[in-house]
Structures are given as C-alpha cells and as structure tokens.
There are 2 protein chains.
Amino acid sequence: MQRTDRATTRLPMGLDDVLEAARRLDGVGIRTPVLTSRTLDKRAGGRIFLKAENFQRGGAFKFRGAYNKISSLPPGTGVASYSSGNHAQAVALAAAMVGSSAVIVMPEDAPEQKVEATRGYGAEVVFYDRYREDRDEIGRKLATERGLTLVPPYEDPLVMAGQGTAALELLEDVPSLDALLTPVGGGGLMAGCATVARALFPGLQIFGVETDSANDTYLSFRKGERVTIPPPPTIADGIRLTTPGALTFPILQRHLTDMLLVSDAEVRTTVRFLALRARIVVEPTGAVPAAAVLGKHLPLGPGARVGVVLSGGNIEPSQLIDIRKG
Amino acid sequence: MQRTDRATTRLPMGLDDVLEAARRLDGVGIRTPVLTSRTLDKRAGGRIFLKAENFQRGGAFKFRGAYNKISSLPPGTGVASYSSGNHAQAVALAAAMVGSSAVIVMPEDAPEQKVEATRGYGAEVVFYDRYREDRDEIGRKLATERGLTLVPPYEDPLVMAGQGTAALELLEDVPSLDALLTPVGGGGLMAGCATVARALFPGLQIFGVETDSANDTYLSFRKGERVTIPPPPTIADGIRLTTPGALTFPILQRHLTDMLLVSDAEVRTTVRFLALRARIVVEPTGAVPAAAVLGKHLPLGPGARVGVVLSGGNIEPSQLIDIRKG
C-alpha cells in the first residue's frame, strides 16, 4: 500500500527536466570521463565505472545544478548563496559565466583558500559570525535587500535536474549498469540521478550512501519520513547534514533501492586507494559511494556492473596526509 | 648542412610502426582521456591538453611498448626485463595478458610494494645485489640460460612504436595542437611520440623535457652527439639516466624542436598543483613536462595549444607528503 501511495505522489521534477538541463549544460560543463580500474574491479568483485565529477568545473558536480538554475533566470539577475562548500564555488563560477553578479555568504573563519577561490570567480564575499548569526537569515535578508535570487544547494527542481545530468552522461556512456551509487547529503545529486536512472532503466538498482554518523537519510528512508539527527562529525564534510530535503526526500523514497552506510575509516581508505591505485584525487565525500563498493556493502552478486558518481575532488591538503599511512 | 645529414639518416622506426602498434593495442590498452583544466590554462597562459597516461594499465605509458613488443613475439615466448620501475610492471602485465611467462630482475632492496605488484601479475622475481652485481649482465645471462627474450625499456623499435600510440591518440582527440611535450628518460616515449607527431603534423613544435640534473639528452641535443653524465639525483626517478639511447637519440635529433629543463622544485610544485587543482595523481617523472608549461619555459605566445603527456602515476605515498606544504 505504501508503495502505491509513494508512486502516486506528484514529484517536483522528472526526466524532461534533466534532459533540458543537459541541453543547457552542453558545451558549458565538462562531460567528465568514466574511469575504470582493474585493481578496483578485483578488490570490489565487480565491474566498477567511476563518473569522475572531481574533474567537473569547480571540482565537483555542483556546477551542473548551479549553472542550470542560474542560466534559467532572467539575464542580469543577481544571485546569492550561503554554502561554504562546493556549491558556493559553483554558484560563483556559474554566475560569472552567464554575466550575473553573485554574493556568497561565508563564515568569518572560512579557509582563506576558499575565500580567495570564490573571489577569484568574481563573486562578492559577505562574512558572518557562525557562532552568533544565522546564515540562512543573513542570506535571505541580503537577497531581499539587494533583490538577489537565492540559489539553494538542493531544494530546487532546477538544481536537482542539473545534478541529474551526471547520471545521464554515465548511463549514455555505460548503458548496461546493474546498479548506480551516489553520496547523499541534502539529496540533490541523488534526486536528479535517481530520476533519470529510474526513467531510463526501470530495473536498475539505485543506492544512496552516507557515513555512519551522517545517517539522516538512511534513518528517514527506513522510517518512511524525514528524521533529524544531531550535527554529524563525519570526515565527509559535504554530507554533514541533519535532515534530508523536503523536496528531495520524496524523490529518493520513490526511486531508491536502499540506503547504505560506510564508516569514516572506510572513506579514508578509499581516498587513499583512489589516489594511489586509480590515480585520482577525490575528496572524502566523493569517496563515500566508492567506499561502499570497496567494502562490499552492496547486495549484488560477483561481476555486477556498478556505476559510481565520484562527486568531487576539492580536498584540503591536510586530508591527503592519510595517504602516507599503511 | 647538418640538417640535411640528419634528414637522410635511416631511422629504426616510422609512422607505420606506430599505426601497427595502435592496431595491436586496440581494445587491450586503455585509451586514456585527455584532460583540461581552466586553472592550469590560466596559470600557463595557454590551452593545455593533458594525456593522462597515469590512467594507463599498470599506471604508466610503459604498457603500450611492452605489450606491442611481447604480443609480436611467437606465442609462448618467455620474456625477461631488468627495470625496477614502471617498465618491469608493464612487462609482467603484458606477458600475463598474452599468456607468456615473465622473469623480472629486481634489486634485493626494491620496495616490497613493487615486488608484490610484479608477482601479482604472475611474474617471477629474481633478485640481485645492486652494489655487487651488474643487472644487465644478470638479465642477459638469465635470458640466455632460460631461452627468454629480453624486453628493453626503450632500445627497441617495437617498444618505441608502442609508446608512440600515446601521441597518436592525443593527436586524434585534439588535432589542432601547436606543441607537444613529453618527459625524456631513455627516449623511447619521445621517439615514438615525435615520430607520429612529425609525420602527421609537420609544423608541430615538439619539446622533450628533463630536470636540471638529468640533462643527458639536453646536453646531447645541444652537442649533436650522445654525451654521458654522472648518475643524476633528480626526484624524477623515471628519467635518472646517464645517456640517451643509441636507437632513440637519432630520432629525437631528427624530430625535436628543442629540449627544455625544469628544476626538481618545479616538479614538486607541479605534482602538488596537479593533485589539488587538476585532481589527478601524477608521479614526479610524469609531471616533468607539465612543469615546463606551468613554469612558462616554452618559447610560445599566449594562447598556444599544448599537448602534454603525463607519463605515469605510480607515486610513493611519501612523495605525496609535499602536497601538504605551501
């Protein structure tokens, strides 16, 4: 019965939105390569296809959603964002590319490198005190005062549709997959990817992956409704969220086969493995679904063909220290 | 006058050999992606195309030459090699793929990791004492006693032709290059690449790159004959050679525009840059030509389109330590 209920709920986006996003991104975003590694295949006991979004503009899939959103706005619309991570960079970059101004709200103690990178894209950085001020409120106030449009990191159909183009490209390049995995933070990447994957390949198994402590979507998926957890201490900073998105979660509920969990230790091992054996630099969040594959957490037989979205590669130099160990 | 002399010397290989190698490698080797990075372009003042041989089987271009050579031998021919680096791995891997046995001569104090990797490909490892024994002699003796065919790392037309397929693919993917760069050790990679590049694009500028201390080919190119230098202490272990190859050097003399030099410090900076900004892991030797681009050592105007062969990605974890600095 629940299945029927879920299936009849109207979702905020569909395949057409992803196809439209793909047209907007054509020749603008990087069609990132799909990489394979025999060593990884052997270790995982399957055939693994890595969609290398660490090579995307701005170093993460976030460019796809930000560009799709911003390029859909009336020309000259100023935009604002209040993420301090890959989304903020993506908004700054996409805004610069369409000739719009961007204001990024960042904590006063943000790493100098990130502040400089954001300014490097031509965006204005507005600081806030993250111990005293609320970033959402500041962002909204700023948007109202200056007539800017907020570009949400995931709670937006155009953003989700943009992220879905990563899976669209992967499925075009490798049409015979048995399963598809992405990390799940707010759920925007997975919402877009699951939408396109389910529409094109109804029998495909789709797994979202989180770390043990950042298990808000895992718990929500099990319970059948959004739950909130305390701020998680996971190494995977891109998925340090406390609750799934209100718009993204119903899409995940509808399309996902299951949610999987990996440990922070597995993520560290995977970052190391990908650097030394697959020769690519992936940030901890980006390595989360690959960790599920390496740790054999998938309920799939040997030889299964698994697509994995490596979501980003913006790693702090200090996070590569672990590479020396072991 | 010298130019005329050089042009009339009969060379040991030509374009047809590379095209034949490409047919042998088709579907066997990885057609490695060509990566671009806006950040790199900005820094270099041109448009840079990175041929990612760090993603090749065995982690380096060496697979191309080894496979081309070994697959050309009569079926069942046992092979031997006495390199301790990427070439040995490539020989072990290529031999396993064609069903031949391989014996690799390695120093007793070779890193356990490399010994295990070589054995992992099914090769027999024979150790020698590198302070008391001569590896060439041991290799030759072993080959004679056991009826094995030695697969030289560069002094062989089939090996050179195999390496040339890297440039062939790059030039197919990006036909409008102004310049092509590779590192130069024994000269096998550059001999193959320069042969195909010069044949297909007569006006292309071709630059070989070494580090300051490993400048044997630089000096030889200037002098017009092979010179020998003391064992160089460079961080780029793949080009720690004391003299160019007797077969490779005339090819380099014929085709190269010039030889360029970079410092070890520039190589370290480039390994770091490629990891953190281009998100790929490249070993120091593989980063040598990219260092020439980042250091603006090329006599080219702004906006030039430059192809760079990133020759390999088999880095020791300790070599990534530098990544934390700066």
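**Exercise 1. How many residues does the contact take from chain A and how many from chain B?** Describe the interface between the two chains in this predicted model.

*Solution.* Begin with the residues: the contact takes 23 from chain A and 23 from chain B. Next consider the area buried between chain A and chain B, which is about 2,000 Å², with carbon and sulfur atoms giving 62% of it. On the side of chain A that touches chain B, the largest share, 3 residues, comes from helix α12 (residues 264–276) of chain A. Sorting the residues of that side by kind gives 13 nonpolar, 5 polar and 5 charged. Finally, look for specific pairs across the interface: between chain A and chain B the count is 0 salt bridges, while 4 residue pairs are found in polar contact.

**Exercise 2. Work out the strand order of the open sheet of 4 strands in chain A, and place helix α6 against it.**

*Solution.* Reading across the sheet, the order is β5-β4-β3-β6 in chain A, and the pairing is parallel. The edge strands are therefore β5 (124–128) and β6 (149–150) of chain A, since each of them pairs on one side only, where pairing asks for at least two bridges between two strands. Now take one pair in detail: strand β4 (residues 102–107) of chain A and β5(A) are joined in the parallel sense over 5 bridges. Within this pairing, I104(A) has V125(A) in β5(A) as its bridge partner. Helix α6 (residues 112–120) of chain A can then be added to the picture, as it lies across β4 and β5 of chain A and runs at about 145° to β5(A).

**Exercise 3. Which side chains meet in a salt bridge at 3.7 Å, N to O, and how are the two residues placed in helix α6 of chain A?**

*Solution.* The side chains are those of E116(A) and R119(A), whose distance of 3.7 Å, N to O, falls within the 4 Å that a salt bridge requires. Because E116(A) and R119(A) are 3 residues apart in helix α6 of chain A, about one helical turn separates them. Over all chains, the count by this rule comes to 32 salt bridges.

**Exercise 4. Where does G29(B) lie, and which residues is it in contact with beyond its neighbours within four places in sequence?**

*Solution.* First locate the residue: G29(B) sits in the loop between α2 (15–25) and β1 (34–35) of chain B. Then, leaving aside neighbours within four places in sequence, G29(B) is in contact with Q56(B) and F63(B). As a last step, compare sequence with space: G29(B) and A94(B) are 65 residues apart along the chain, and their C-alpha atoms are separated by 9.7 Å.

Technical notes: Residues are numbered from 1 along each chain as its sequence is written. Chains are lettered from A and ligands numbered from 1 in the order in which they are written. This is a predicted model: local features need pLDDT of at least 70, side-chain atom pairs count only at pLDDT 80 or more; totals for chains, interfaces and linings use all residues. Side-chain values use heavy atoms; hydrogens and water are left out. Contact means heavy atoms within 4.5 Å. Axes are lines fitted to C-alpha atoms, for helices over the stretch in contact, and angles run from 0 to 180 degrees between N-to-C directions. Buried area is the accessible area (1.4 Å probe) that two parts lose on being put together, summed over both. A polar contact is a pair of N or O atoms within 3.5 Å; within protein, one must be able to donate a hydrogen and the other to accept it, and residues adjacent in sequence count only if both atoms are side-chain atoms. Ala, Val, Leu, Ile, Met, Phe, Trp, Tyr, Cys and Pro count as nonpolar, Asp, Glu, Lys and Arg as charged, and the others, Gly among them, as polar.
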